[in-house]
Amino acid sequence: MKIIYLLLLIFSSFLTYSQNFPVGKRTITIIDQQRNNRAISTDIYYPASATGNNTPLANGNEKFPVVVFGHGFLIGAGSYEWLADSLASNGYIAAFPNTEGSISPDHLAFGKDISVVCSQIILFDGDIISPFYGRVMNKGAVGGHSMGGGASFLAASLGNDDIKMLFNFAAAETTPSAIAAALSVNVPSLVLSGSRDCIVPAQTQRQMFDNIPSENCKAYFNITNALHCQFADNDFTCATGQVFSGCNSTPLNKTEVFQKTASLLLPFLNFHLKRVCAQGEVFENNFNSLSATTKLLQCPNLRVCSPLPLQLLYFKGSYDGKVNVLKWKTTNENYFKSFDLQKSSNGQDFETISSLTGNSAPVKSVEFVFTDAFPFAGSNFYRLKMVNADNSFTYTEIINLISEGRKLIISGIYPNPVKGIFQVKINSASQVQSNIEIVDFSGRRIFSKTYTINEGSGKIEIDASTFKNGVYMFLLKSPTGEILEKYKLVKM
């Protein structure tokens with residue numbers, strides 16, 4: 001009775017947020033064209049209008065975050081239906097890739113599968129023929145159990161901007177190393193383990209937790225008396241391994257493990273993906289109340305109660321005949337890390353062209369202006385990546401500025417100031433011959449070379465290590481000697 005009372009107490013604050021959607025299920029195959037059209041069979045559980053297979057999404061316009069979960073070694077995705085149902089009924093699209101189920105799995109391939117599935121489901125939001133069209137939030141989390149837990153670290157270390165959070169249960173070491181991959185994880189992370197786990201000792205998960213950079217919100221919880229296989233509904237293969245290892249006995253039943261796990265995972269997800277501020281405090285209360293052999297919480301912003309640390313009033317831009325001017329304004333900026341202004345020529349492949357530091361203390365209203373001196377000929381797509389103090393982030397809508405259709409244009413010179421080699425990024429409408437000259441401010445030419453510029457985007461490297469320190473003029477000329485572009489170049 002005491003256990004039941006404790007669980008009810010823990011869940012009372014959590015259940016006030018529970019949405020209790022019916023759960024639908026689909027099995028789809030996602031194709032990764034970047035890996036020779038690798039087919040990734042995936043079970044997807046989602047908030048539905050009615051329980052069942054292939055039923056429509058829940059009514060309304062709400063968008064749902066994505067959670068992708070990797071199964072354990074020789075453990076089928078069906079062993080995690082408890083988790084799938086819990087996530088989907090609480091407003092998440094939960095995906096379970098079925099790949100790498102053999103006796104000799106490829107851990108890195110599995111990590112890439114988890115990452116790709118996350119991004120592809122987010123892209124379904126804009127796919128009119130997808131059953132998830134218009135209903136997917138551009139935020140995802142990745143997680144896993146045992147082998148899948150280690151693979152989730154590999155997935156989170158790949159630099160996929162769609163992944164906003166990491167969690168795992170009794171994560172195992174992988175090849176390549178998940179422990180090493182943790183050093184490259186830059187999202188809020190929840191690491192759970194069991195104190196009676198003799199398949200993958202808790203020390204392994206603790207190493208992963210310790211390696212996650214300290215600037216991230218991270219939590220480690222070692223559930224007292226939990227077994228390795230209790231996170232997977234005591235799958236027969238897994239449980240057989242526990243029997244032979246002499247660690248298949250515990251006073252804790254699997255339902256209690258599921259409930260404790262969910263009471264930590266769901267509010268952590270709600271806070272970091274849905275930005276439901278009160279759920280941060282729910283997580284912290286549950287974390288402090290539940291029994292654990294070891295618990296570590298390094299997450300100072302759980303009680304910052306704001307749907308977003310700032311409000312973006314506008315993000316806009318204009319072309320003034322040569323440069324693109326981007327402007328944005330915020331209000332209620334609070335515990336905010338940075339703005340990353342990102343640019344693309346096709347609206348899909350973005351790179352950061354400027355990063356501006358946010359404010360560590362509340363600020364009422366701030367206006368930002370950035371001049372892009374190197375616009376592409378034609379379309380220039382821009383977006384802001386707004387990074388919170390806990391390293392979670394969100395994107396603005398994409399804006400497109402049309403610049404003058406010049407046939408040859410410099411789209412970047414970096415680094416500038418320069419010490420040695422610098423790169424010149426050039427966009428050309430066709431293959432042309434062009435001359436690059438660098439002159440000092442007395443007009444003396446110190447560099448001159450003719451290049452063949454191919455159609456599209458390209459890079460030219462120039463070694464400035466022999467230049468004297470000072471200010472120079474960089475000139476891009478046509479074959480007839482006409483100056484097409486000129487920029488100041490500083491040698492340090």
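**Exercise 1.** Which side chains meet in a salt bridge at 3.2 Å, N to O?

*Solution.* The model is predicted: local features need pLDDT of at least 70, side-chain atom pairs count only at pLDDT 80 or more, and totals for chains, interfaces and linings use all residues. Residues are numbered from 1 along each chain as its sequence is written, and side-chain values use heavy atoms, with hydrogens and water left out.

Step 1. Apply the criterion: a side-chain nitrogen of Lys or Arg within 4 Å of a carboxyl oxygen of Asp or Glu.
Step 2. The pair is E437 and R445.
Step 3. Classify both by relative accessible area (buried under 20%, exposed over 50%, partly exposed in between; 1.4 Å probe, protein chains only). E437 has 8% and is therefore buried; R445 has 52%, so it counts as exposed.

**Exercise 2.** Place the salt bridges of D372 and K254 in the chain.

*Solution.*
Step 1. Elements are DSSP runs numbered from the N terminus: helices (H or I) of at least four residues, strands (E) of at least two.
Step 2. D372 bonds to K343, with the closest N and O atoms 2.8 Å apart. This pair joins distant parts of the chain, strand β15 (residues 363–372) for D372 and strand β13 (residues 336–344) for K343, 29 residues apart. Both D372 and K343 are buried.
Step 3. K254 meets D233 at 2.7 Å, N to O. K254 lies in helix α8 (residues 254–272) and D233 in the loop between β9 and α7 (236–245), 21 residues apart. K254 is partly exposed at 35%, and D233 is partly exposed at 33%.
Step 4. The search of the whole structure gives 13 salt bridges.

**Exercise 3.** Describe the surroundings of I223.

*Solution.*
Step 1. I223 belongs to strand β9 (residues 218–223).
Step 2. Its relative accessibility is 0%, so I223 is buried.
Step 3. Contact means heavy atoms within 4.5 Å. Leaving out residues up to four places away in sequence, I223 touches several residues, including F231, L252, K260 and S291.
Step 4. The C-alpha atoms of I223 and L290 are 8.3 Å apart, although 67 residues separate them along the chain.

**Exercise 4.** Give the strand order of the open three-stranded sheet.

*Solution.*
Step 1. Strands pair if DSSP finds at least two bridges between them.
Step 2. The order is β19-β20-β23, with antiparallel pairing. The edge strands, β19 (408–414) and β23 (456–463), each pair on one side only.
Step 3. Eight bridges connect β20 (residues 421–428) with β23, and I421 stands opposite D463 in β23.
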